Amino acid sequence: MLTNNLGYPRIGSKRELKKACEQYWSGSSTIQELVQTGREIRKQNWEMQKEAGINLIPSNDFSFYDQVLDLSLTVGAIPKRYHEVILNKGNTELDLYFAMARGYQKDGLDITAMEMTKWFDTNYHYIVPEFLKDQQFKLFSTKLLDEYQESVRLGIKTKPVIIGPVSYLLLGKEKESGFDRIDLIKNLLPVYLELLKKLEEQHVEWVQFDEPFLSLDLKEKDRKAFKYVYAEIKKRFPRLKILLATYFGALQDNKELTLSLPVHTLHIDFVRNPEQLKEILADIPAYMGLSLGLVDGRNIWKNDFDASLTLIRAAAEKIGHDRLMISPSCSLIHSPCDLELETNEAVLSAEIKQWLSFARQKIDEVVVLNELALNIETAIPKLNVNRIANESRRSSDLIHNNAVKQRVAGITAQDDQRKNTFAVRQQLQKQALNLPLFPTTTIGSFPQTQEVRSWRAKYKKGDLSAEEYNELIKKETEDTIRFQEDAGIDVLVHGEFERNDMVEYFGEQLAGFTFTKNGWVQSYGSRCVKPPVIYGDVYRPLPMTVKWSAFAQSLTNKWVKGMLTGPVTILQWSFVRNDQSRSETCTQIALAIRDEVVDLENAGIKIIQIDEPAIREGLPLRKSDWQDYLQWAVRAFRISASGVKDDTQIHTHMCYSEFNDIIQNISDMDADVITIECSRSQMELLDAFANFKYPNEIGPGVYDIHSPRVPAKEEMVFLLQKAQKVIPSAQLWVNPDCGLKTRHWDETKKALTEMVSAAKVLREYVEEAVTL
């Protein structure tokens, strides 16, 4: 059997890529230094996998920002607005690439970034391809070819990885009406064939095509596109070994289609759906190999070797070892790099650490499973160590808390309902809050400068006392309150300077969570997060945010929002225990957040935001599975929000999601105000709320905080006027797309000043209309 890996983290075990990109963007390093960092990371990754014993090592799994954007550049799908960036002789291909990802505001140009959204049901964000009706493709970037050659020069013959042409088109968006993007397949395929020809000339043996859409609901046109593409590839390149990778779900009604494709080997995620193995084995054609995705690429729990070996033996008995590969379930970009970097037992205890496996360890698990399946005696001690670790987890006293389980069991129907309908609450809130038309606010966080981060680091190391640290945070909070007052913002926030991350901060104060020191994973671009680990039953021992919210409110006569992360987002953005249902864990978190909401209200906080940016992300890939998830996810939010009085205003925030299919469920959440990301899509995402006639209040984001560009007042007025056409003025709020944590103060102040000015313009327009 061969050992196979689908992809490896590209950020570097110490986030080297993040630092290199940000230094280049700031102008403090050269393009040569950035490129060299990428080269070093690739070399380390390839050599590690070779030494571990991986037979099929991926190349082109590295990216400076996003693998979908890489492919858009490769096939020349470059929107026209970036052509002026190309024409500027001082710009490199990477500068064009970053302009597409982050926007471009220099050389007299002001170009918006491409839209960004979630990669299936993960917290990874990709850059959405843009397609026109007459879209033409051509080979533009040779990144895939260059990185393969780079590996060969190191003496490592890799397996190039590329997103399959059908999934690439389905990942994109039509930017004009009158066509279906899948109709572009005949325009796109020639570029793939050209790439394959060049790879064949370089004596490549294996190529991995990622086609995750084979695990989703497909239209008949999509099915025909799959048949057409892989028949053409087989006809042109009969000797090339194509590994077709699906992941994140079962094939279900796409099984017959997938097994009919003329590819050498099919990869399937058997972590998500192990039960599909039997039917796959029954129907797999004799010419096709099977890559068994058995090591979880999405979570950090140690593999259960006995359970995986049961599947391997069943597969080997049916089709033989020589047609099998052992693999992770998906690319390991969703896993932290290396558990061996976790050396501080005060952060991660030895007992819990033995239950975990990061990307480096998952590579070893793939190799050991292969050895065990082939009865290699030297692997037997590793099997025994694995059994001991998994039994330790099952029997640990750390896992279960009966009081938490009893509280969940005792939830009543009243616990997820506000006392009155929104129409009643809205009038009470208008009287209590006395806000103007088009009230302005922000999503929560303000810039976390290097200085602020250094205070937290010094405090954790003991170089700052608690008193010294708190005084620094108080000063930063007060300065931020004063800026918001001076800028004319209507509903203020305290800035969240005490928080490291919107999920990690809460996890640190909730029982049932633990943490890592270096467990970073990429969220988008240079943005890395360090997800908490939920290992046991969850509850809130003490208030978590009341102190800082109450302090901020004491500084001003304006309203200050209490800022919380919602239960679904805490669940989605953590590594979640896999020994009980996700719905049970989410409900436990909801009760903990409910306690915090009630305490905030008792402390005089009348506006409380419970962020749920991940609720859309958590949807199962198949629509037939949606309602079960949405039922418990919406219920969890309502449990967290329903313990307060009617005149307390509950906000929620969602970003980088398509809302059309779940707009009824969003309405069912019954938040008084929802803020959403809208600027990258030029308010397109607001259409779902307009068509549905969403009854509650809405804050469509009017500028993109994931780009360094500062939008002008006129741009925001234009977006708000677009919003006004579909949403009544009395329901509209004015706010950025998302939190401002990653931005710099100078651009933040300029953008928020322009935002407030835009709101004032809208108020004047309304007043003039009333007068007329």
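**Two positive phi angles, an open sheet and a helix pair**

Phe438 lies in the loop between helix H17 (422-433) and helix H18 (450-461), and this position, like every other one described here, is taken from a predicted model. The phi angle of Phe438 is near 55 degrees, which is a positive value in a residue other than glycine. Such a value deserves notice because most residues other than glycine have a negative phi. With a relative accessible area of 1%, Phe438 is buried, since a residue counts as buried when this area is under 20%.

A second residue can be described in a similar way. Glu496, although it is not a glycine, has a positive phi of about 65 degrees, and its place is in the loop between strand E15 and helix H20 (504-507). The relative accessibility of Glu496 is 11%, and therefore this residue counts as buried.

Strand E15, which precedes the loop of Glu496, is also part of a sheet. Six strands form this open sheet, in which the order is E15-E20-E21-E22-E23-E24 and the pairing is parallel. At the edges stand strand E15 (491-492) and strand E24 (697-700), each of which pairs on one side only. In general, the strands of a sheet pair through backbone hydrogen bonds, in either a parallel or an antiparallel manner. Within the sheet described here, strand E22 (residues 649-654) and strand E23 (residues 673-676) run parallel and are joined by four bridges; Met654 has Ile676 of E23 as its bridge partner. Helix H23 (residues 582-602) lies across three strands, namely strand E20 (559-565), strand E21 (607-611) and E22, and runs at about 170 degrees to E20.

Elsewhere in the chain, helix H3 (residues 67-74) and helix H5 (residues 93-102) have axes that come within 11 Å and cross at roughly 125 degrees. The two helices are therefore oblique to each other, because an angle of this kind falls outside the ranges that count as roughly parallel, roughly antiparallel or roughly perpendicular. The crossing of H3 and H5 is right-handed. On the side of H3 the contact is made by Leu69, Asp70 and Leu73, while H5 contributes Glu93, Leu96, Tyr97, Met100 and Ala101. When the residues of this contact are sorted by character, six are nonpolar, none is polar and two are charged.

Methods: Residues numbered from 1 in each chain as written. Predicted model: local features only at pLDDT ≥ 70, side-chain atom pairs only at ≥ 80, totals over all residues. Heavy atoms only, no water. Pairing = 2+ DSSP bridges. Contact = heavy atoms within 4.5 Å. Axes fitted to C-alpha atoms, helices over the stretch in contact; angles between N-to-C directions. Parallel < 35°, antiparallel > 145°, perpendicular 65-115°, else oblique. Left-handed = near helix turned anticlockwise from the far one by under 90°. Nonpolar A, V, L, I, M, F, W, Y, C, P; charged D, E, K, R; others polar. Buried < 20%, exposed > 50% of the residue type's maximum accessible area, 1.4 Å probe, protein only.
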